[in-house]
Amino acid sequence: MVSISFLTLQEEDAVELAAILNTKHLLMFDTIEDHVDLLWDEDIPKRRHLTHLSGITKALLYTRVEKTAMEVLGDRLVRMWAQPTTSFDPKSTQELMSWLAKV
């Protein structure tokens, strides 16, 4: 399992992506939260407000999720990353394994 994150320019972009990933059974336990990037112009910090979409998927589905995100959002996808999930409660693990797309 991996915890996968997407940063988008607008909340609507994150919701659109989440809906498509959900329809294709590629992402579970999705959450959205506000995110602020700190950018530097010379020595002056500037803030860029983004939306952070995150969820859990099977590690073997990462390439499909990445391709789908890039196809759906294009330039509206600011950043994407994933981190391994090494431990999950048994009930959620069972739900993930039975619901997520089969590889």
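Helix α2 lies across β1, β3 and β4 in this predicted model, and α2 runs at about 170° to β4. A second helix to look at is α3, residues 90-99, which lies across β2 and β3. The angle of α3 to β2 is about 95°.

Now for the sheet itself. Its 4 strands form an open sheet in the order β2-β3-β1-β4, and the pairing is antiparallel. At the edges stand β2 and β4 (77-84), each with a single partner strand, so one side of each has no neighbour in the sheet. From one strand to the next, the twist averages 25°. If you trace the pairing of β1 with β3, you will find 7 bridges joining these antiparallel strands. One position to pick out is I4, which stands opposite G55 in β3.

Let's turn to helix α1, which covers residues 11-23 and so is worth following from end to end. Its 13 residues reach 18 Å from the first C-alpha to the last, close to the 18 Å expected at 1.5 Å a residue. Which residues of α1 are buried? They are D13, A14, L17, A18 and L21. These residues lie on the same side of α1 because they cover an arc of only 130° around the axis. That buried set packs against β1 (2-8), β2 (28-41), β3 (44-57) and α2 (62-73). On the face turned away from the buried side, α1 carries the exposed residues E12 and T23. After α1 comes H25, with a positive phi near 55°.

Technical notes:
Residues numbered from 1 in each chain as written. Predicted model: local features only at pLDDT ≥ 70, side-chain atom pairs only at ≥ 80, totals over all residues. Heavy atoms only, no water. Helix = DSSP H or I, 4+ residues; strand = E, 2+ residues; numbered from the N terminus. Expected span 1.5 Å × (residues − 1). Buried < 20%, exposed > 50% of the residue type's maximum accessible area, 1.4 Å probe, protein only. Arc of directions from axis to C-beta. Contact = heavy atoms within 4.5 Å. Pairing = 2+ DSSP bridges. Axes fitted to C-alpha atoms, helices over the stretch in contact; angles between N-to-C directions.
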